[in-house]
Amino acid sequence: MTSILFDVFYRSYDNFMKTFRLDDHEAILSQLRALAAKGRPGPPEPFKIADIGGGTGVLAHSLLELGHDVTIIDPAQRMTAIAKERNPRVTVINEALAKVSPEPLYDVIILRDCFHHIADQGPALSKLSQILQDDGLLIIQDFSPNSLRAQLLFTLERCLLEKIYPIPSSDLAAMMARAGFSGTIIRLNSRDYLAIGTKSSKQSTKEKPAEVEQ
Ligand SMILES: C[S@@+](CC[C@H](N)C(=O)[O-])C[C@H]1O[C@@H](n2cnc3c(N)ncnc32)[C@H](O)[C@@H]1O
């Protein structure tokens, strides 16, 4: 199905993100630095990263520049064509997450400003668990539905006929625990949060992530 936002206004997308200061991905890079510094058992750097809904590839480009191997999984061909122009080293799979084959390929999976665009969020988390290596890291950056600034953004998306499914961080945390992730919610500001989950074969899948401030 055509998305007005991502198939028609794709050329204005990067400027829009910059103007409204929606393009900051420093919190995600900081999580990757922490993971690399942990020296935990598991994959050494560079990481094999899936950027789900990676769009025009601003984050993917930063990750590639840091030496990581990045695959964007996103059905919006015009958005990802910009990502390819920005950095030809990015791998692009033009599929929705639900259609990706369930193989445990990635050390890290990132969804930045994408999870609230996905309708079937429980099954999506199960799929993310399937394509993530054991002890791999899931990072979801999204918006708190209670925030006024997020509500403005959601209104704009709805005006462009985008179907969206905003989710409070506490609901996402519970959903992630049910899908077998153990983790944490990090509140970045009144609008944005990060949900961090580790797919662990050793820990209980019932464990509920704690909420912390940053
Ligand atoms: C708001 S953009 C975010 C782009 C980029 N992550 C960023 O932060 O600038 C949301 C992206 O998610 C993609 N998307 C929506 N539903 C998706 C799904 N089910 N699977 C994968 N990508 C999806 C859209 O095509 C779009 O490119």
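Leu 161 sits in the loop between α7, which covers residues 148–159, and α8, which covers residues 169–178, and I should say straight away that we are looking at a predicted model. With a relative accessible area of 64%, Leu 161 counts as exposed, because the cut-off for that word is over 50%. Leu 161 also belongs to a nonpolar patch on the surface, together with Ile 4, Val 8 and Phe 9, and these residues have about 370 Å² of accessible area together.

Let me set beside that a residue of the opposite kind, Arg 187, which is found in strand β6, residues 181–187. Is Arg 187 buried or exposed? Its relative accessibility is 18%, so Arg 187 counts as buried, the limit being under 20%. The side chain of Arg 187 makes a polar contact with the side chain of Ser 144 at 2.8 Å, and another with the side chain of Ser 169 at 2.7 Å.

Now please turn to the ligand, which is surrounded by 19 residues, the closest being Tyr 13, Gly 53, Asp 74, Leu 97 and Arg 112. If we sort the residues of this shell by character, we find 12 nonpolar, four polar and three charged. Looking at single atoms, a polar side-chain atom of Asp 74 lies 2.6 Å from an oxygen atom of the ligand, while a polar side-chain atom of Tyr 13 lies 3.0 Å from a ligand oxygen. With Leu 97 it is the backbone that takes part, since one of its polar backbone atoms is 3.0 Å from a nitrogen atom of the ligand. On its own the ligand has 600 Å² of accessible area, and the protein covers 90% of that.

Definitions and conventions
Residues numbered from 1 in each chain as written. Predicted model: local features only at pLDDT ≥ 70, side-chain atom pairs only at ≥ 80, totals over all residues. Heavy atoms only, no water. Patch = residues over 30% accessible without salt bridge, like charges linked within 9 Å, V, L, I, M, F, W, Y side chains within 5 Å. Areas by Shrake-Rupley, 256 points an atom, 1.4 Å probe, with all protein chains shown as cover. Salt bridge = Lys/Arg side-chain N within 4 Å of Asp/Glu carboxyl O. Helix = DSSP H or I, 4+ residues; strand = E, 2+ residues; numbered from the N terminus. Buried < 20%, exposed > 50% of the residue type's maximum accessible area, 1.4 Å probe, protein only. Near = heavy atom within 4 Å. Polar contact = N/O pair within 3.5 Å; in protein donor to acceptor, adjacent residues only side chain to side chain. Nonpolar A, V, L, I, M, F, W, Y, C, P; charged D, E, K, R; others polar.
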